[in-house]
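Me: I would like a close look at one part of this protein, taken slowly and with its surroundings kept in view. Please treat it as one connected account that I can follow with the model open beside me.
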Amino acid sequence: MVKIGEKINNRYRLLSRVAQGGMAEVYEASDNKTKRTCAVKFILENLTKDQHNINRFAHEAKIATRLSHPNIVSIYDSGIYEGRPYLVYEFVKGQTLGEKLKLHSKITYIEACEIMVQICDALNYIHLRGIVHRDVKPDNIYCLLDGMVKLSDFGIALDLTNKTKEDASLVGSVHYLAPEICEGEPVTKLADIYSLGITFFELVTKHLPYENNDPLDVAVSQVKEAIPTPSKFVSDLPKPIENVILKATMKDPRDRYQSAKEMREDLLAIIANKKKYEKRRSIFQWLFGFREN
């Protein structure tokens, strides 16, 4: 078990423990070589006996170290310490979009569009390189204090250019999962477009389209049930925003945006006309009934 103050492989001194998930724990650390603050992510000790988990960590490092984009969390290094694989990340100061949603953070329509534009930029970048993220959701999107937004966690990303066999059966969170993936169809970049559409839906409505807790029921709904119109939850949602969400979440991939760049262009058109929407209530105010004076 690693401890605060410990130096990992004579380079990364652990300063504090900042997070733990189902697979890993993350520490803020100081890099003795570069003198910068970084994040060190360790696989949980009880998972090290499963080679599948080890492989997933190695896969994430292999994918992410190929990527360099301002809207993607950078991986600097990887290694093994006392039998536990670790990844060294850019240290991100901010909250995940998932945390913002849970805290009912004030986000306007235009701010929501600006967040989506930045993730479209990240997705367009990886898609052009043959990579599908497969787990686009609020918990994997970081919102920094300066307004920058970054996509993270490439643990189950699929490299379509890799001629060696990869595990295409891995899937992300079912509430954000494209219907064709639920049916076992081949993975394409259009699955990421769908997941981003669901994320946008949740961001502007504070609801998921299918809120059942049973994963199987949600998967069936993804395949068979039409996406509810976002204005069902937010009556004054601007129609252009609703149209973007509905196009991104079409059941037939051929009816969706065919690229993140295409979706980005529609979002930028909305932002260019922001004066039409900037006086509307914030998401927080929609939820709790407060109105601007």
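In β4, which residue is the bridge partner of Tyr27?

Reply: The bridge partner of Tyr27 in β4 is Val40. Before building on that pair, please keep in mind that this is a predicted model. The protein chain has an average pLDDT of 88, and 91% of its residues score at least 70. Confidence is not even along the chain, however, for the pLDDT falls below 50 over residues 280-293, although this stretch still makes 31 contacts in the model beyond its near neighbours in sequence.

The pair of Tyr27 and Val40 is part of the pairing between β3 and β4, which run antiparallel and are joined by seven bridges. These two strands also form a hairpin, with five residues between them, and within the turn Lys35 has a positive phi of about 70 degrees. On the β2 side, strand β2 (residues 12-20) pairs with β3 over seven bridges, again in the antiparallel sense. Here too the two strands make a hairpin, this one with three residues between β2 and β3, and Gln20 stands opposite Glu25 of β3.

Following β4 the other way, residues 37-43 of this strand pair with β6 (residues 84-90) in the antiparallel sense over five bridges, and Phe42 is placed opposite Tyr86 of β6. Helix α1 (residues 51-64) packs on the sheet, where it touches β3 (24-31), β4, β5 and β6, and its direction makes about 30 degrees with that of β6.

Taken as a whole, the sheet is open and has six strands in the order β1-β2-β3-β4-β6-β5, with antiparallel pairing. Its edges are β1 (7-8) and β5 (75-81), each of which has a single partner strand, so one side of each is left without a neighbour in the sheet. In the loop between β1 and β2 is Asn10, a residue that is not a glycine and yet has a positive phi of about 60 degrees. With a relative accessibility of 61%, Asn10 counts as exposed.

The side chains add a second set of links, and the residue to follow is Glu25. Side chains of opposite charge can pair when their charged atoms come close. Glu25 forms a salt bridge with Arg17, in which the closest N and O atoms are 2.9 Å apart. Glu25 is buried, with a relative accessible area of 7%, whereas Arg17 counts as partly exposed at 44% relative accessibility. Glu25 also meets the side chain of Arg84 in a salt bridge, at 2.7 Å from N to O. Since Arg84 lies in strand β6 and Glu25 in strand β3, this pair ties together parts that are 59 residues apart in sequence. Arg84 is buried as well, its relative accessible area being 5%. In addition, Arg11, Asp31 and Asp77 are linked in a network of salt bridges. The total count of salt bridges comes to 13.

One of the others offers a useful parallel in another part of the chain. There the side chains of Arg256 and Glu180 meet in a salt bridge, with 2.7 Å from N to O. This pair links distant parts of the chain, Arg256 being in the loop between α7 (239-248) and α8 (260-272) and Glu180 in helix α4 (residues 179-182), 76 residues apart. Arg256 and Glu180 are both buried.

It remains to set the sheet against the nonpolar packing of the model. The largest nonpolar core has 62 residues, and those with the most contacts inside it are Phe200, Ile241, Met263 and Leu267. Helix α3 (residues 109-128) gives the most to this core, with 13 residues. Apart from the largest core lies another, of 15 residues, which include Ala24, Ile43, Ala61 and Ala64. To relate these names to the part you asked about, residues 24-31 make up β3 and residues 51-64 make up helix α1, while β4 covers residues 37-43.

Conventions
Residues are numbered from 1 along each chain as its sequence is written. This is a predicted model: local features need pLDDT of at least 70, side-chain atom pairs count only at pLDDT 80 or more; totals for chains, interfaces and linings use all residues. Side-chain values use heavy atoms; hydrogens and water are left out. Two strands pair if DSSP finds at least two bridges between them. Helices (H or I, at least four residues) and strands (E, at least two) are DSSP runs, numbered from the N terminus. Contact means heavy atoms within 4.5 Å. Axes are lines fitted to C-alpha atoms, for helices over the stretch in contact, and angles run from 0 to 180 degrees between N-to-C directions. A nonpolar core is a set of buried Ala, Val, Leu, Ile, Met, Phe, Trp, Tyr and Cys residues joined through side-chain atoms within 4.5 Å. Buried means under 20% relative accessible area, exposed over 50%, partly exposed in between (1.4 Å probe, protein chains only). pLDDT is the predictor's confidence in each residue, from 0 to 100. A salt bridge is a side-chain nitrogen of Lys or Arg within 4 Å of a carboxyl oxygen of Asp or Glu.
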